[in-house]
Amino acid sequence: RGGAGARSGGKMASTAAGKQRIPKVAKVKNKAPAEVQITAEQLLREAKERELELLPPPPQQKITDVEELNDYKLRKRKTFEDNIRKNRTVISNWIKYAQWEESLKEIQRARSIYERALDVDYRNVTLWLKYAEMEMKNRQVNHARNIWDRAITTLPRVNQFWYKYTYMEEMLGNVAGSRQVFERWMEWQPEEQAWHSYINFELRYKEVDRARSIYERYILFTALVLVHPDVKNWIKYARFEEKHSYFAHARKVYERAVEFFGEEHMDEHLYVAFAKFEENQKEFERVRVIYKYALDRIPKQDAQNLFKNYTIFEKKFGDRRGIEDIIVSKRRFQYEEEVKANPHNYDAWFDYLRLVESDTDAETVREVYERAIANVPPIQEKRHWKRYIYLWINYALYEELEAKASKRTRQVYQACLELLPHKKFTFAKMWLLYAQFEIRQKNLPLARRALGTSIGKCPKNKLFKGYIELELQLREFDRCRKLYEKFLEFAPENCTSWIKFAELETILGDIDRARAIYELAIGQPRLDMPEVLWKSYIDFEIEQEEYEKTRNLYRRLLQRTQHVKVWISFAQFELSAGSEERLPRCRQIYEEANKAMRSCEEKEERVMLLESWRSFEDEFGTDATKERIDKLMPEKIKKRRKLQAEDGSDAGWEEYYDYIFPEDTANQPNLKLLAMAKLWKKQQQESEAAAMDPDKDIDESQT
């Protein structure tokens, strides 16, 4: 790189000094890097700059006589002819040649060049345009017309020729000639813009009737030729009539458009324009009819703009009822789309039905309900039916409360109960609602028959409870007893049923029967809430003031469980018994409980018992009994234990609180050790305090 730099530096130095010859083979003696390094980018940039500097300026030629001018023309023409001869298909060479001749005012020669070029490529649009522009620029009108005629005859589908030709005639003031050109153009059935250009041309000269006839021709052309005609042409025609105050004609155009497109090709834009036209004419009823007609027939997904304009119209000119109607119709469309997308979306059906019920006749509501309940869940699992069943419930309630049709309500309930797969699952709510409906209709046998059928087909706790509650309200106690018997045969472990049955007998005054029911209940091998049952039985005996039987019940319960709450409840019962021996009895219960709880692993329960005992002694005991219970209270200490994760690995340590009871002989050494540890800790604290205060130590030693 250093040698190259040095070589480049030497080369540039020689160039700067002048044109010196460099030997072809030059040996570089000094291969050290040059002081100034030159990059390839710098070399290229300098070469480019010098290239621009070395370009000689073009010579300025001054033509002073005719011979010199002719010589210049000859050379220039020879150059153009050579270029054309080399490549005849390059039209730009022909155009440059003709424009040069035009600049010398050699119009005839320029025409000749354009004609020769057209012989080469007559389909070139630019060539025709340049040729005609040259003739127009030089005010050769007839020549220009001739060229335009040839162009539109040769290439009739090039709209630019027609636009230029008609514009030239109009600029010349030849309105009839321009109209004639437009007529020739329309015979070729051009695109939409051409027709509108013709119409605008006629309107510029106030020829409204001619413009109307052109619109009619164009509408007829689109109807006959185009497979899918566009409504915007009809709308433009109608607005043309409206603009020129021909309102009857405009309305007729809109009506013809509606008739022409029919119901198969309805477009919301046509009806929006028609409605706005009628709105401008203050025909509000006609506007409302147009909107409703269109909304009833156009698919909802294609009528968003129609909805929007109808809403705006009702807000401007309608009353509250009209505004609500349009909002309801819009929401109905949304719900229809939702239920169409997913027929089993029961939440959408609920919203739809709520909307329909608020503002529709009964037949429409029934139709929507029938559509909704027809979407039965495909899987016979109760969790899939929980939302669906409320469609039937709402349907029945609507028929009963809103439509006042009791016969149809009964049919709805019966159809629903027939539909449910009772062997797999049922809905007690449906049976109870049906029975309550029949009672409201004063048809008690049918209500009892329905509930009896439900218990026979698919017995459930809720059905038994509902049936029993019904008979209680009717004061049919014998029926209630039979139902309770059936209920307890079906679910003997249900403590609530036993309690309710016994409470019923208690209310009826049959105490022995109630006590027998309780005895049967506590004798069951399996119960869901035995503690509630025993508590109810004990409360029952307390209410009857059978204290001996209550004590026996507590003893029987303690044979089954030694739970601390039972002991505390037993002690509180003895305290509240009201006899003279209540305090000794209560203290004796606490003593027995404390002995029984010594072997209990749950130390918190034993602490709970001792705290209850201490609160009793604080209120009713002597100093000796208080001192005794204080000695029984445990010491609370903090301990650590090792934890293990689920996979058996070590998970660290955790701290917990433990209780040491003085009564336990096994814990005596622990208590002694604990006392010694406390004493040692106290001595350590005193020694540390003495070490931090040496003056005090000196005084104490002197003392």
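These are my notebook entries on what I looked up in this structure, which is a predicted model.

**Entry 1: the whole chain**

I began with the chain as a whole and found 36 helices and two strands in it. Of its 703 residues, 36% are buried. I then looked up the accessible surface, which comes to about 44000 Å², and noted that carbon and sulfur atoms account for 50% of that area. For the contacts between residues at least 6 apart in sequence, I wrote down that 48% join residues at least 24 apart.

**Entry 2: helix α3**

Next I turned to helix α3, which runs over residues 66-86. I checked its length against the rule of 1.5 Å a residue: the 21 residues should span 30 Å, and the end C-alpha atoms are indeed 30 Å apart, so the two values agree.

Which residues of α3 are buried? I listed K73, R77, F80 and I84. These residues lie on the same side of α3, because they cover an arc of only 60° around the axis. On the face turned away from that buried side I found the exposed residues E67, L74, K78, R85 and K86. I also looked for what covers the buried residues of α3, and the cover includes α4 (91-103) and α5 (107-120).

**Entry 3: helix α7**

I repeated the steps for helix α7, whose 14 residues are 141-154. From the first C-alpha to the last, α7 reaches 20 Å, close to the 20 Å expected at 1.5 Å a residue.

The buried residues that I noted in α7 are A144, I147, W148, A151 and I152. Their arc around the axis is only 125°, and therefore they sit on the same side of α7. On the other side of α7, I found N142 and T153 exposed. The cover over the buried residues of α7 includes three helices that I could name, α6 (125-137), α8 (159-171) and α9.

**Entry 4: salt bridges**

I then went through charged pairs, keeping in mind that side chains of opposite charge can pair when their charged atoms come close. The structure holds 39 salt bridges, and I wrote down a few of them.

One of them joins the side chains of R179 and E202, with 2.8 Å from N to O. This pair links distant parts of the chain, since R179 belongs to helix α9 (residues 175-186) and E202 to helix α10 (residues 192-204), with their positions 23 residues apart in sequence. Are these two partners buried or exposed? R179 counts as buried because its relative accessible area is 15%, which is under the 20% cut-off, and E202 is buried as well, with a relative accessible area of 1%.

Another salt bridge is formed by E192 and K236, whose closest N and O atoms are 3.2 Å apart. This pair also links distant parts of the chain: E192 is in helix α10 and K236 in helix α12 (residues 231-243), 44 residues apart. I found K236 to be partly exposed, with a relative accessible area of 35%.

I also looked up E278 and R286, whose side chains meet in a salt bridge at 3.2 Å, N to O. E278 is buried, with a relative accessible area of 0%, whereas R286, at 32% relative accessibility, counts as partly exposed. E278 and R286 are linked with R251 and E255 in a network of salt bridges.

**Entry 5: residue N233**

I stayed with helix α12 in order to look up N233, which lies in it. At 3% relative accessibility, N233 counts as buried. Which residues is N233 in contact with, leaving aside its neighbours within four places in sequence? I listed E192, H196, Y218, I219 and T222. E192 is also the residue that I had noted above in a salt bridge with K236.

**Entry 6: residue I511**

My next residue was I511, in helix α28 (residues 511-522). At 23% relative accessibility, I511 counts as partly exposed, because this value falls between the cut-offs of 20% and 50%. Not counting residues up to four places away in sequence, I511 touches T506, F540 and Q544. For I511 and F540 I wrote down both separations: 29 residues in sequence and 9.5 Å in space, C-alpha to C-alpha.

**Entry 7: cysteines**

Last, I asked how many disulfides there are, and the count comes to zero. I looked up two cysteines on the way: C416 is buried, with a relative accessible area of 1%, and C480 is buried, with a relative accessible area of 0%.

Definitions and conventions: Residues numbered from 1 in each chain as written. Predicted model: local features only at pLDDT ≥ 70, side-chain atom pairs only at ≥ 80, totals over all residues. Heavy atoms only, no water. Helix = DSSP H or I, 4+ residues; strand = E, 2+ residues; numbered from the N terminus. Buried < 20%, exposed > 50% of the residue type's maximum accessible area, 1.4 Å probe, protein only. Contact = heavy atoms within 4.5 Å. Disulfide = S-S within 2.5 Å. Areas by Shrake-Rupley, 256 points an atom, 1.4 Å probe, with all protein chains shown as cover. Salt bridge = Lys/Arg side-chain N within 4 Å of Asp/Glu carboxyl O. Expected span 1.5 Å × (residues − 1). Arc of directions from axis to C-beta.
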